[in-house]
Amino acid sequence: METVNVPSHVGIIMDGNGRWATAKGQKRSYGHKHGSANVDNIVTHAFKRGVKSLTLYAFSAENWARPKEEVDELMKLLKAYLKKFAKKLYKNDVRLIVIGGREELSEDLRKAISEVEEKSKDNKSNILNIAINYGGRQEIVNAVKRLIEKGEEITVNGISENLYTSLSGDPDLIIRTGGELRLSNFLLYQGAYSELYFTDVLWPDFNEIEFDKAMEEFGHRKRRFGKV
Ligand code: IPE
Ligand code: IPE
Ligand code: MG
């Protein structure tokens, strides 16, 4: 497939695991397992397509309100993903950055995160941001607090530079799977001029072909940024 305009930074709201499992008569955790197995395919494919940065919404600051059993399962899968990623690091040149509040995470998970971040910090080809305990509003508040602490002026660029994703820049495209038409607190500040792509396909079914459809659609969008 030919893509004319490749988005440099893509954000993905990976939604629909629970409904995918329910539709199959399974527990929600079954959907999360399949959803997490899908991450690698899409990450590899997106970078192959020329995307430079990917930001994946894995767990929102609001997702703590789910049943403890489900939260525990999601945390377990995240840790396993990070460990697997760390093992494969030698053959890719991807820098992994976890974005979101760290304090609320278990010590185990925090350790796994620091390890991958440290090991991948000199990798240059691509950036993979994984949003865990992430909230866009919280991120903006933290950025403003940081500016105040540093005694710097509060400006549009100043805030941008103090967001978690400053290395990736603003997302050109935000994809949401699972059929809901909302942002659910994802990249609120950075997404000011992002193209939005919504699909009914549930995350465990969102494959390379579906990703290419989003890329194709992006290629036809006219971005004006307020100009004529
Ligand atoms: C996305 O799938 C994964 C997370 C939010 C952690 P959901 O678990 O939200 O699945 P649905 O939306 O209930 O189907
Ligand atoms: C958004 O999905 C968060 C992630 C995909 C990690 P949710 O399923 O939590 O969003 P809402 O509750 O439907 O808005
Ligand atoms: Mg959901």
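This is a dialogue about the two ligands and the pockets of a predicted model.

Student: What makes Gly-18 a polar contact of ligand 1?

Tutor: A backbone N or O atom of Gly-18 lies 2.9 Å from an oxygen atom of ligand 1. The cut-off for such a pair is 3.5 Å. The pair is within it, so it counts as a polar contact.

Student: Which side chains have a polar atom placed against an oxygen atom of ligand 1?

Tutor: Arg-28 and Arg-66 are among them. For Arg-28 the distance is 2.9 Å. For Arg-66 it is 2.7 Å. Both values fall within 3.5 Å, so both pairs qualify as polar contacts. As for cover, ligand 1 alone exposes 370 Å², and the protein buries 87% of that.

Student: Which residues come closest to ligand 1, and how many surround it?

Tutor: The shell holds 13 residues. Asp-15, Gly-18, Arg-19, Arg-28 and Arg-66 are the closest. By class, the shell has three nonpolar, five polar and five charged residues.

Student: Which helices supply at least two residues each to that shell?

Tutor: Helix 1 (17–23), helix 2 (28–48) and helix 3 (68–88) do. Helix 1 has the largest share, with three residues.

Student: Why is Ser-184 called a polar contact of ligand 2?

Tutor: A polar side-chain atom of Ser-184 is 2.6 Å from an oxygen atom of ligand 2. The limit is 3.5 Å, so the pair counts.

Student: What about Asp-15 and Arg-66: at what distance does each lie from an oxygen atom of ligand 2?

Tutor: A polar side-chain atom of Asp-15 lies at 3.2 Å. A side-chain N or O atom of Arg-66 also lies 3.2 Å from an oxygen atom of this ligand. Both pairs are within 3.5 Å, so both are polar contacts. The protein covers 79% of the 390 Å² of accessible area that ligand 2 has on its own.

Student: Which residues are around ligand 2?

Tutor: Among them are Ile-13, Met-14, Asp-15, Tyr-57, Ala-58, Phe-59 and Asn-63. The list also includes Arg-66, Arg-176, Arg-182 and Ser-184. Strand 2 (residues 53–60) gives the largest share, three residues.

Student: Why is Tyr-57 counted as nonpolar in that shell?

Tutor: Tyr belongs to the nonpolar class here, so Tyr-57 counts as nonpolar. The shell around ligand 2 divides into five nonpolar, two polar and four charged residues.

Student: How do you know that ligand 1 sits in a pocket, and which pocket is it?

Tutor: The test asks for more than half of a molecule's atoms within 2 Å of the pocket's grid points. Ligand 1 is assigned to the largest pocket, so it passes that test. The space taken by ligand 2 is the largest pocket too.

Student: What is the volume of the largest pocket?

Tutor: About 660 Å³. It is lined by 32 residues, and Met-14, Asn-17, Tyr-57, Ala-58 and Asn-63 are closest to its centre. Helix 1, helix 2, strand 2, helix 3 and strand 4 (126–134) each supply at least two lining residues. The lining has 15 nonpolar, nine polar and eight charged residues.

Student: What is the volume of the second largest pocket, and which residues are closest to its centre?

Tutor: Its volume is about 170 Å³. Of its 13 lining residues, Gly-100, Gly-101, Glu-103, Asn-142 and Tyr-164 are closest to the centre. Strand 4 and helix 5 (136–149) each contribute at least two. Helix 5 gives the most, with three residues.

Student: Why are Gly-100 and Gly-101 counted as polar there?

Tutor: Gly is placed in the polar class, so both count as polar. The lining of the second largest pocket has three nonpolar, six polar and four charged residues.

Key. Residues numbered from 1 in each chain as written. Chains lettered and ligands numbered in written order. Predicted model: local features only at pLDDT ≥ 70, side-chain atom pairs only at ≥ 80, totals over all residues. Heavy atoms only, no water. Near = heavy atom within 4 Å. Polar contact = N/O pair within 3.5 Å; in protein donor to acceptor, adjacent residues only side chain to side chain. Areas by Shrake-Rupley, 256 points an atom, 1.4 Å probe, with all protein chains shown as cover. 1 Å grid on protein atoms, 1.4 Å probe; cavity = no way out; pocket = protein on both sides within 12 Å on 5 of 7 lines; lining within 4 Å. Helix = DSSP H or I, 4+ residues; strand = E, 2+ residues; numbered from the N terminus. Points joined across faces, edges and corners; volume = space filled by probe spheres on them.
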